[in-house]
Amino acid sequence: MIRAKSLLRREGTNDSVTHLELFFDLVFVFAVSQLSHHLLEHPTWTGAAETLVLLVAVYLVWTYTMWVATLLDTAKLELHWLLLLIMLVSLFMNASIDAAFGDFGWLFVEGYLLIQVGRGAWMLTTGLDGTLQSHFVRTLGWQCVSAPLWIAGVFFDPELKLVFWGAGALLDLTGHLLAHRVPGVRTEGKHVPLAGERIFERFGLFYLIALGEGILTTGTAIAANLEDPLILLTGTVALAGSVAIWWCYFYRLEKETLDRLASEADHFRPGVVAGNTLMVLLAALILVAVGDELVISHPLEHPDVATVLFLYGGPALFLAGQAVFIQRVLGRVAGSRLVGVGALVLLAGVSFLVPAFVAAIGAALPLIGVAVTDALVRRQSQ
């Protein structure tokens with residue numbers, strides 16, 4: 001379909017992230033909160049699998065919409081209406097997360113497919129160039145192939161629902177990881193008119209407010225346990241871990257990434273890697289938030305397996321995700337991240353022998369160590 005005037009962002013257009021985009025993100029920070037609550041209420045392997053499937057769907061809705069807003073001119077009224085409409089549908093989709101494997105699976109799937117298929121079809125009417133038109137046709141095709149799996153899952157009990165939705169999420173995620181290739185056709189990144197700096201700013205801002213949701217969860221847990229004499233210690237440890245996570249993301253790595261992009265012509269591939277990494281980091285934040293809440297609520301109890309996995313798995317996943325990103329985008333081995341992961345594995349093995357608040361301190365220390373290392377390296381390079 002041809003539009004008389006293309007909605008694509010023109011070279012030289014203001015690349016700043018708009019207030020509307022940040023407003024749009026709030027619905028998805030709410031989703032992160034819902035996912036954390038679902039995992040906290042279902043701290044089992046099945047609950048973790050359900051949370052992962054829902055996270056994939058939520059993340060794909062957000063990231064595809066973010067790419068659209070980056071490719072198109074955010075000053076256009078048509079894009080404003082698109083973002084607001086997706087925001088409305090996403091609000092109900094995300095509100096149904098905790099009941100998605102119960103009575104309201106239909107609401108979650110209806111919202112997910114309406115956004116994914118509807119937005120993909122609309123993009124074909126926006127006056128895209130040949131490369132982007134081909135890419136969005138393939139994207140829409142992948143989404144239509146997975147749609148029957150999502151729809152079928154609505155009609156089954158939670159166990160089979162997880163099977164169908166898991167298959168649908170896996171298919172959608174595979175398409176995303178492959179940039180929606182089909183045999184003989186792929187997207188050439190150097191032909192995609194994409195401002196890499198804006199993409200990374202967008203990821204960073206979303207991650208920042210998602211991290212803020214974790215602070216909110218920690219604060220709520222503190223408020224519910226003010227009578228506990230250990231609350232000052234456990235709350236401080238939880239905040240220290242969050243500060244270290246913020247430091248590891250923004251203090252040194254962001255600048256290195258932007259410096260690398262300035263020397264690269266193809267911003268599409270690094271953007272895809274960064275997007276995939278962001279999903280991993282969001283999963284890590286969910287684990288960290290659940291672990292912190294469990295420790296704050298029961299600081300003197302010896303942690304069970306689930307609590308240890310949350311406490312140590314979240315930071316380990318965060319550092320591992322960053323290590324992969326650093327290797328693939330910056331081309332170097334992230335030694336401090338790998339050492340941090342190793343330390344977390346070792347400390348997790350002995351955490352069953354100590355109270356939960358001591359285990360939480362052990363989980364925070366490797367993160368703090370990596371943050372300090374980043375600070376020292378950046379100071380030496382200045």
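How do the residues of the lining of the largest pocket divide into nonpolar, polar and charged? In this predicted model, the split comes out at 18 nonpolar, three polar and no charged. The pocket itself takes up about 470 Å³. Its lining is made of 21 residues, and those closest to the centre are Leu-39, Trp-45, Ala-48, Leu-287 and Phe-310. Helix 2 (45-71), helix 10 and helix 11 each put two or more residues into this lining, with helix 11 giving the most, at eight.

Trp-45 turns up again on the outside, where a nonpolar surface patch brings this residue together with Val-305, Leu-309, Val-350, Phe-352 and Leu-353. Together, the patch members have about 670 Å² of accessible area. Val-305 sits in helix 11, which covers residues 305-330. This residue counts as exposed because its relative accessibility is 51%, and the cut-off for exposed is over 50%.

As for enclosed space, the model has six cavities of 30 Å³ or more. The second largest of these holds about 170 Å³. Helix 7 (196-223), helix 9 (253-262), helix 10 (268-297) and helix 11 each supply two or more of its lining residues. Here helix 10 is the top contributor, with four. Aromatic names in the lining include Phe-200, Phe-203, Tyr-249 and Phe-325, while Glu-254, Thr-257, Thr-277 and Gln-322 are also among the lining residues. By class, the lining of this cavity comes to eight nonpolar, three polar and one charged, whereas the lining of the largest pocket has no charged residues.

Conventions:
Residues are numbered from 1 along each chain as its sequence is written. This is a predicted model: local features need pLDDT of at least 70, side-chain atom pairs count only at pLDDT 80 or more; totals for chains, interfaces and linings use all residues. Side-chain values use heavy atoms; hydrogens and water are left out. Patches are made of residues with over 30% relative accessible area and no salt bridge: like charges are joined within 9 Å, nonpolar side chains (Val, Leu, Ile, Met, Phe, Trp, Tyr) within 5 Å. Accessible areas come from the Shrake-Rupley method with a 1.4 Å probe; for residues, only the protein chains shown count as cover. A salt bridge is a side-chain nitrogen of Lys or Arg within 4 Å of a carboxyl oxygen of Asp or Glu. Buried means under 20% relative accessible area, exposed over 50%, partly exposed in between (1.4 Å probe, protein chains only). On a 1 Å grid over the protein atoms alone, a cavity is a set of points where a 1.4 Å probe fits but cannot get out, and a pocket is an open set with protein on both sides within 12 Å along at least five of seven lines; lining residues have an atom within 4 Å of a point. Grid points are joined across faces, edges and corners, and a volume is the space filled by probe spheres set on the points. Ala, Val, Leu, Ile, Met, Phe, Trp, Tyr, Cys and Pro count as nonpolar, Asp, Glu, Lys and Arg as charged, and the others, Gly among them, as polar.
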